[in-house]
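Trainee: Could you take me through one part of this structure slowly? I'd like a close look at the place where the ligand sits.

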Amino acid sequence: MTATNILFLDIPTALPVPFSPNTWKVRLALNYKKLTYVTKWVETTSIASVCKSLGIPPTSTLPDGTPKYTLPALIDNTASPSALLSDSTPIIEYLERTYPDPDSSRALCAPASRALHALFEYHVAHSITAQLLPVMVMHMHDKKTPQDRIHFRKRIEAAFGKKLEDLELRGKEREAYWKKIEDAFDLLATFMQAGGTAGELFTGSNLSLADCILGGLLLTFRYTSPDEAWIKISAWNDGKWIRYMSALEEWTTVV
Ligand SMILES: N[C@@H](CCC(=O)N[C@@H](CS)C(=O)NCC(=O)O)C(=O)O
């Protein structure tokens, strides 16, 4: 363990574990790097006020031009001045720069891999993350805290002009949609197999930023939809994703 004075901001849920893919992405990195940290749990409705009060920067701009605040965020008080960070990939790049592993083969994101990781992240965001709502919206809603459920419903219904329940696909349409997501996982499994590395992760048995991205997403599926999504995903690609999840397990502690 490396003793640090890191405060990590994550979103609580109705489960004993968080399920945001973006916060998991950073938590996996913190655990993998064996950095000590404390979690501050912030419901979605309080993200903007808490970030503003702590001086954490916004990650984008809302359509009305006001700043948008998101989690994960992280404050590192180990050094002076403190580092105040938001946005998962820049946070991981900061951790890598500030707390490099003496064994360079354990680097999460060597600077030279930046463009490839950005391409991977773009691909996963479009081929999987952007496809989730029609089959995951109610699973996600039901696992949120009571207050966040209200906020989630209001935000999604305003964005799509439909009730949450009507966004959810059913029957044959739902199965066809799942097939699209399965195809995206098939493609990843094919490339990972072609990589020929020993170990289940992208670069073998050490974690990389790509694994934080994909692992965070798989943890979302597993925790929010153990009875549908995770059952399906477990059956794809000859159990590849069960083995992949087992390889990640040691870095999934929630503190
Ligand atoms: N680009 C950001 C996106 C983070 C993000 O969208 N976080 C979501 C939780 S998964 C959030 O904070 N949403 C709050 C909201 O939309 O009000 C990152 O990678 O950290």
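Mentor: Let's go through the ligand's surroundings, then step back to the domains. Keep in mind that this is a predicted model. Start with the place itself: the ligand sits in the largest pocket. Who's around it there? From the early part of the chain you have Ile-11, Ser-20, Asn-22, Thr-44 and Ile-47 among the residues around the ligand. Carry on along the numbering and the list picks up Lys-68, Thr-70, Leu-71 and Pro-72, then Asp-87 and Ser-88, and finally Arg-155. Sort that shell by character and you get 4 nonpolar, 5 polar and 3 charged residues.

Now zoom in on some side chains. Asp-87 has a polar side-chain atom 2.7 Å from a nitrogen atom of the ligand. For Ser-88, the partner is an oxygen atom of the ligand, with 2.6 Å between that oxygen and an N or O atom in the Ser-88 side chain. Arg-155 also points you to a ligand oxygen: one of the polar atoms in the Arg-155 side chain is 3.4 Å from an oxygen atom of the ligand. As for how wrapped up the ligand is, on its own it has 520 Å² of accessible area, and the protein covers 75% of that.

Okay, step back to the whole chain. The domain assignment splits it into domain 1, covering 2–111, and domain 2, covering 122–251. Taken over C-alpha atoms, the centres of domain 1 and domain 2 are 21 Å apart. Where the two domains touch, domain 1 puts in 27 residues and domain 2 puts in 23 residues.

Conventions. Residues are numbered from 1 along each chain as its sequence is written. This is a predicted model: local features need pLDDT of at least 70, side-chain atom pairs count only at pLDDT 80 or more; totals for chains, interfaces and linings use all residues. Side-chain values use heavy atoms; hydrogens and water are left out. A residue is near a molecule or strand if one of its heavy atoms lies within 4 Å of it. A polar contact is a pair of N or O atoms within 3.5 Å; within protein, one must be able to donate a hydrogen and the other to accept it, and residues adjacent in sequence count only if both atoms are side-chain atoms. Accessible areas come from the Shrake-Rupley method with a 1.4 Å probe; for residues, only the protein chains shown count as cover. On a 1 Å grid over the protein atoms alone, a cavity is a set of points where a 1.4 Å probe fits but cannot get out, and a pocket is an open set with protein on both sides within 12 Å along at least five of seven lines; lining residues have an atom within 4 Å of a point. A molecule sits in a cavity or pocket if more than half of its atoms lie within 2 Å of its grid points. Ala, Val, Leu, Ile, Met, Phe, Trp, Tyr, Cys and Pro count as nonpolar, Asp, Glu, Lys and Arg as charged, and the others, Gly among them, as polar. Domain bounds come from an automatic or database domain assignment. Contact means heavy atoms within 4.5 Å.
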